[in-house]
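Please look through the sequence and the three-dimensional model shown below, and keep both in view while reading. The report that follows goes through helices, loops and strands in turn.

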Amino acid sequence: MTDSVNLRELVLSLLISITRDGEYSHIAISNVLEKYQYLEKRERAFISRVTEGTLERMIELDYIINQFSKVKVNKMKTVIRCIIRSSVYEILYMDSIPASATCNEAVKLAKKKGFSDLGGFVNGVLRNISRNLDKVEYPDREKEPIKSLSVQYSMPEWIVKLWQEEYGIERTKRMLASLLMEAPFSIRTNLSKNTPEQLKEILLSEGLTVISNQELPEAFYIEGVDYLQSLESFREGRFYVQDVSSMKVAKAAEPKENDYVIDVCAAPGGKSIQIAELLQGSGKVKACDLTEYKVGLIEENIRRCGIKNLEAICRDATIYDETEREAADIVIADLPCSGLGVMRRKKDIRYQMTPEKLKSLAALQREILHVVQEYVKPAGTLLYSTCTVHRGENEENIEWFLKEHIDFELIFMEQIFPMEGSGDGFFIAKLRKKRNG
């Protein structure tokens with residue numbers, strides 16, 4: 001490991017900022033990897049693996065720690081709690097690192113952070129766990145099925161129960177298992193700059209492994225990426241990083257030449273850019289979002305991808321804009337949601353989300369839908385999508401919408417589960433506004 005950088009100290013800092021301060025895990029990790037891009041690839045991989053792994057397995061880790069520590073996890077000081085959690089993750093899931101080395105490094109880090117008096121405590125807990133892994137007791141699957149699944153897959157009990165009630169126990173188990181799998185690195189070809197065949201050749205020449213998606217010809221999975229900005233193909237905007245489930249929204253919209261499209265919650269802009277590409281330079285796409293920061297993200301991607309028929313503007317989707325009344329051929333409403341379908345990529349969602357937040361988000365989605373449906377032309381399309389797996393935000397919202405807005409008809413709706421194919425959990429509903437209102 002690089003002499004001047006303590007990798008475990010970086011992991012500790014990340015875990016504190018995410019679990020205590022509420023920073024989004026994918027943003028926090030990305031920022032650290034960008035700052036320390038000069039580290040060797042294996043060192044950056046260690047940072048992301050231990051941080052993400054600790055978050056992903058945190059319920060299981062805490063369950064184990066509490067069996068071997070007199071001080072329960074929630075009573076520990078934040079620094080000590082994060083050091084012990086990440087160290088237990090190493091002991092359980094990183095066979096290449098000797099447990100003794102993990103214990104020693106944990107004690108050193110605790111002392112470095114000003115907790116010399118707790119070095120013996122950290123050492124005792126970790127060595128006790130490492131010597132007694134075969135004695136860990138898990139919840140009884142028959143007597144406590146929900147708790148058993150919660151600990152096994154490190155998913156809060158309320159989410160396990162919610163999915164079991166909505167989708168059944170077998171589908172829930174498959175979903176939970178899939179969310180512990182590594183998310184594939186999927187990209188979409190920028191068709192305005194190259195064909196899929198041309199892009200594949202370029203990526204191969206950059207030393208990457210490239211796997212075609214059988215369902216979407218423009219989509220690929222790539223492996224071997226060290227640092228995204230190091231790829232000339234990325235800097236030139238030859239592809240866009242996007243999940244394959246997300247790509248299906250623009251495809252379902254079926255934009256036609258010269259269509260006017262409004263994407264009401266567009267950041268960071270993947271769907272807007274994809275639709276603009278499908279329009280082949282014709283028509284216009286207006287990509288809207290709530291803050292200047294998010295609009296800036298869209299504009300950055302527009303510049304990189306070289307899209308001309310796309311404009312990014314700052315607009316609150318809950319506030320009606322009379323100038324857009326029945327103006328759009330297509331309205332894309334990919335709305336703020338609980339994100340339960342993307343937990344492979346955003347590990348902390350499972351801990352940040354609550355049943356109360358679910359209800360609040362469903363209400364916000366209905367509020368936005370009620371506003372933006374006004375922008376759809378007669379015979380135009382409203383595309384509603386979320387990156388979650390939850391009937392209250394998905395099917396139930398569509399059922400509500402059709403009752404409230406009888407001038408719309410449902411063309412199709414689909415719940416994509418994360419274990420189906422290799423994309424994220426996603427929901428797509430396509431509605432059409434009737435010609436006669």
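Helices, taken as runs of at least four residues, and strands, taken as runs of at least two, come from DSSP and are numbered from the N terminus. With these names, Pro-268 can be placed in the loop between β5 (260-263) and α14 (270-278). The model discussed here is a predicted one.

**Backbone features that stand out**

Most residues other than glycine have a negative phi, and most peptide bonds are trans. Against that background, the peptide bond that leads from Ala-267 to Pro-268 is cis, with omega near 5°. Two residues also have a positive phi although neither is a glycine: for Ser-154 the angle is about 50°, and for Ala-379 it is about 75°. Ser-154 belongs to the loop between α8 and α9, whereas Ala-379 has its place within strand β9 (residues 376-386).

Is Ser-154 buried or exposed? Because its relative accessibility is 0%, and the cut-off for being buried is under 20%, Ser-154 counts as buried. Ala-379, at 26% relative accessibility, counts as partly exposed.

**Two helix pairs**

The loop that holds Ser-154 lies between α8 and α9, and these helices also pack against each other. The axes of helix α8 (residues 145-153) and helix α9 (residues 157-167) come within 9 Å and cross at roughly 115°, and the crossing of α8 and α9 is right-handed. On the α8 side, the contact is made by Ile-146, Lys-147, Leu-149 and Ser-150, while α9 contributes Glu-157, Val-160, Lys-161 and Gln-164. Sorted by class, this contact of α8 with α9 has three nonpolar, two polar and three charged residues.

A second pair is formed by helix α1 (residues 7-19) and helix α5 (residues 78-93), which pack at an angle of about 120° with their axes 9 Å apart. Here, too, the crossing is right-handed, as α1 passes α5. From α1, the residues Arg-8, Val-11, Leu-12, Leu-15, Ile-16 and Thr-19 meet Thr-78, Val-79, Cys-82, Ile-83, Arg-85, Ser-86 and Glu-90 of α5. By class, the contact of α1 with α5 has seven nonpolar, three polar and three charged residues.

**An open sheet and a nearby loop residue**

Strands of a sheet pair through backbone hydrogen bonds, either parallel or antiparallel. One open sheet in this model has four strands in the order β2-β3-β1-β4, with antiparallel pairing. Its edge strands, each of which pairs on one side only, are β2 and β4 (239-241), and the twist averages 35° from one strand to the next. Within this sheet, strand β1 (residues 186-189) and β3 pair in the antiparallel sense over three bridges, and Ser-186 stands opposite Tyr-221 in β3.

Tyr-221 also has a partner in a loop, since the side chain of Asn-213 makes a polar contact with the side chain of Tyr-221 at 2.8 Å. Asn-213 lies in the loop between β2 (209-212) and β3 (219-223), and because its relative accessibility is 11%, Asn-213 counts as buried. Leaving aside residues up to four places away in sequence, Asn-213 touches Ala-219, Tyr-221 and Val-244.

**Strands around β9 and β11**

Strand β9, in which Ala-379 is found, has eight of its 11 residues buried, so β9 is largely enclosed by the rest of the structure. Strand β11 (residues 426-433) is mostly covered as well, with seven of its eight residues buried. The table lists strand pairings that involve β9 or β11, and the text after it names residues that stand opposite each other.

| Strand pair | Sense | Bridges |
|---|---|---|
| β8 (residues 328-334) and β9 | parallel | six bridges |
| β9 and β11 | antiparallel | six bridges |
| β10 (residues 408-416) and β11 | antiparallel | eight bridges |

Where β8 runs beside β9, Ala-333 stands opposite Tyr-384 in β9. Which residue of β11 is the bridge partner of Leu-382? That partner is Leu-431, while the bridge partner of Ile-416 in β11 is Phe-426. In a regular strand the side chains alternate between the two faces of the sheet.

Methods. Residues are numbered from 1 along each chain as its sequence is written. This is a predicted model: local features need pLDDT of at least 70, side-chain atom pairs count only at pLDDT 80 or more; totals for chains, interfaces and linings use all residues. Side-chain values use heavy atoms; hydrogens and water are left out. Axes are lines fitted to C-alpha atoms, for helices over the stretch in contact, and angles run from 0 to 180 degrees between N-to-C directions. A crossing is left-handed if the near helix is turned anticlockwise from the far one by less than a right angle, and right-handed if clockwise. Contact means heavy atoms within 4.5 Å. Ala, Val, Leu, Ile, Met, Phe, Trp, Tyr, Cys and Pro count as nonpolar, Asp, Glu, Lys and Arg as charged, and the others, Gly among them, as polar. Buried means under 20% relative accessible area, exposed over 50%, partly exposed in between (1.4 Å probe, protein chains only). A polar contact is a pair of N or O atoms within 3.5 Å; within protein, one must be able to donate a hydrogen and the other to accept it, and residues adjacent in sequence count only if both atoms are side-chain atoms. Two strands pair if DSSP finds at least two bridges between them.
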